[in-house]
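Welcome to this tour. Please open the model in your viewer and keep the selection tool at hand; each stop tells you what to pick and what is there.

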Amino acid sequence: MSDDLFPASVTVERALALSRADEAMVIVRDEHEASLRWAGNSMTTNGSSVSRDWAVISVFREGPTLARVGTIASTSVDPEDIEAVVRASEAAARDAEPARDAMPLLEPDTVDDDWTAPAGSTGIEVFTGLADGLADGFDSADRLYGFAHHQMHTTWLGTSTGIRRRFVQPTGSVEINGKRGEGAELASAWVGVGTADFTDVDVSGLLADLSRRLDWAKRKVELPAGRYETLLPPSTVADLMIYLAWSMEGRGAQEGHTAFARAGGTRVGERLSDIPLTLYSDPRAPGLEYRPFVAATASSESMSVFDNGLAAERVDWLRDGVISALIYPRATAAEFGAPATVPGENLLLTGGSEATIDDMIARTERGLLLTTLWYIREVDPATLLLTGLTRDGVYLVENGEVTAAVNNFRFNESPLDLLRRVSEAGATELTLPREWKDWFTRTAMPPLRVPDFHMSSVSQAT
């Protein structure tokens with residue numbers, strides 16, 4: 001694909017010009033991607049790729065409140081295919097059931113100056129500094145495995161009402177798994193970090209943290225299932241809070257289907273914590289920026305194609321310990337008399353002290369340090385009860401020091417209940433979730449202390 005020969009903005013304009021629908025929207029996404037892998041202290045593979053996907057959304061109106069919508073997606077880069085996609089979208093719209101989320105299309109409030117600019121790009125050269133740092137780590141006795149990934153997603157959105165928006169989204173991550181010993185003496189630990197451009201990745205710091213965790217595993221202790229005072233570093237907090245954020249659709253709460261429902265309404269306004277914790281999404285959060293407008297090719301309970309172009313603003317989902325907002329597309333917001341809110345593509349939790357995880361360890365008489373979570377699944381949507389496994393590092397803390405590695409567990413916990421029971425929150429820092437990093441990398445979380453984290457059973461996972 002060559003942007004010089006076939007600019008994405010031209011795809012949008014041609015498709016809109018060809019449309020015979022009452023209204024139309026076109027979304028083009030170009031992805032430039034680079035990856036790097038290593039195993040057993042040597043680089044294994046690297047590569048880069050470029051791809052495009054795009055969609056035409058056609059709307060036929062049948063009065064002020066009834067509309068039919070059809071979306072057809074394509075990966076073709078041949079301009080001769082544009083008309084066929086437009087016609088297929090129109091045919092799909094004519095055959096569609098009336099859209100429950102029908103709303104007037106938005107009018108433009110801004111036109112991006114870089115509308116006709118080519119896609120953002122990346123390549124394996126973005127990993128130069130990372131590779132140099134890893135080379136030093138490869139000289140150690142520990143065996144290092146891992147993966148680095150960088151994507152540049154460029155989105156163009158055009159509508160028949162005149163909206164023209166473009167945004168370049170960089171997304172990067174590094175995760176390193178370290179192993180030491182063999183057989184029953186095998187120790188394994190994981191560290192990771194999210195990044196926009198890899199210039200801020202402290203490889204030596206990641207390797208030092210990894211080595212320290214492997215040192216902690218020189219002694220091993222078997223513990224039974226039960227409830228333990230548990231320290232959750234920022235990465236594990238992120239995995240739990242992401243699932244909470246994904247569960248905050250307003251309609252589900254209004255209709256009594258989710259943990260955010262209560263008799264006669266929702267739990268908005270309910271206090272969860274006396275600690276002034278604020279959980280929010282903000283497209284302008286430094287280092288965690290994301291696309292500041294809606295660009296949806298299909299409607300769901302959290303997004304609507306009729307909202308394409310709607311500005312994404314900061315939303316406080318939890319403010320000073322109180323549930324503050326739920327996710328409402330415009331049509332759902334109008335139905336239930338709630339403010340329209342756009343789901344965020346980053347997530348931040350603030351309101352704790354300046355304490356680091358090391359400070360919290362130093363104040364722990366006896367408890368567990370739970371460094372990563374794995375295979376998280378929902379058990380009960382009515383309470384948001386989750387289950388999952390620990391992996392690559394559960395440690396025993398005694399008298400202010402980490403003294404041993406502990407066997408793995410299966411846990412059962414609800415992030416809503418955890419927020420209610422948190423007894424200490426530390427300093428917020430940028431972090432990478434382990435479980436959800438393939439879908440969600442932009443997070444900033446504090447470490448949390450939970451006095452009674454529920455390890456429901458012992459796991460044989462390694």
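Start by selecting asparagine 41, which sits in the loop between strand 1 (23–39) and strand 2 (42–61). Helices (H or I, at least four residues) and strands (E, at least two) are DSSP runs, numbered from the N terminus. Asparagine 41 is buried, with a relative accessible area of 18%. Here buried means under 20% relative accessible area, exposed over 50%, and partly exposed in between (1.4 Å probe, protein chains only). Now look at the backbone: asparagine 41 has a positive phi of about 70 degrees, although it is not a glycine. Most residues other than glycine have a negative phi.

Before moving on, a word on what you are viewing. This is a predicted model, in which local features need pLDDT of at least 70, side-chain atom pairs count only at pLDDT 80 or more, and totals for chains, interfaces and linings use all residues. Residues are numbered from 1 along each chain as its sequence is written, and side-chain values use heavy atoms, with hydrogens and water left out.

**Another positive phi**

Next, select phenylalanine 198. Its place is in the loop between strand 6 (187–195) and helix 4 (203–216). Phenylalanine 198 is not a glycine, yet its phi is positive, at about 75 degrees. Its relative accessibility of 8% makes phenylalanine 198 count as buried.

**Zoom out**

Now show the whole protein as a cartoon. You can look for nine helices and 24 strands. The radius of gyration (taken over C-alpha atoms) is 24 Å. The globule rule, 2.2 Å times the number of residues to the power 0.38, gives 23 Å for 462 residues, so the protein is as compact as a globular protein of that length. Along the principal axes, the C-alpha atoms fill a box of roughly 70 × 55 × 35 Å. Of the 462 residues, 56% are buried.

How much of the contact network links residues 24 or more positions apart? Such pairs account for 74% of the contacts with a separation of 6 or more, where contact means heavy atoms within 4.5 Å.

**Two annotated spans**

Colour residues 25–93, where an unreviewed UniProt entry places the feature "domain: Metalloprotease TldD/E N-terminal". This span is 17% helix and 62% strand, and its end C-alpha atoms lie 13 Å apart. Inside strand 2, pick valine 50. Valine 50 is partly exposed, with a relative accessible area of 43%. Draw a distance from valine 50 to asparagine 412: the two are 362 residues apart in sequence and 41 Å apart in space, C-alpha to C-alpha.

Then give another colour to residues 226–456, annotated in UniProt (unreviewed entry) as "domain: Metalloprotease TldD/E C-terminal". UniProt positions are given in the numbering used here, feature names are shortened, and annotations may be inferred rather than shown by experiment. The end C-alpha atoms of residues 226–456 lie 6 Å apart, and the span is 16% helix and 34% strand.

For a closer look at those ends, select methionine 455 in strand 24 (residues 448–458). Which residue lies 5.2 Å from methionine 455, C-alpha to C-alpha? Glycine 226 does, although the two are 229 residues apart in sequence. Methionine 455 is buried, with a relative accessible area of 0%. Beyond neighbours within four places in sequence, methionine 455 contacts several residues, including Ala225, Tyr228, Leu368 and Phe411.

**Helix 5**

Go to leucine 244 in helix 5. Leucine 244 is buried at 3% relative accessible area. Setting aside neighbours within four places in sequence, its contacts are Phe260, Leu279, Leu384, Pro415, Leu416 and Leu419.

**The largest pocket**

Helix 5 (234–246) also leads to the last stop: together with strand 4 (143–159) and strand 5 (164–180), each supplies at least two residues of the lining of the largest pocket. This pocket has a volume of about 1,000 Å³. Of the 40 residues that line the pocket, select the closest to its centre: Gly344, Glu345, Trp439, Phe440 and Arg442. On a 1 Å grid over the protein atoms alone, a pocket is an open set of points where a 1.4 Å probe fits, with protein on both sides within 12 Å along at least five of seven lines; lining residues have an atom within 4 Å of a point. Grid points are joined across faces, edges and corners, and a volume is the space filled by probe spheres set on the points.
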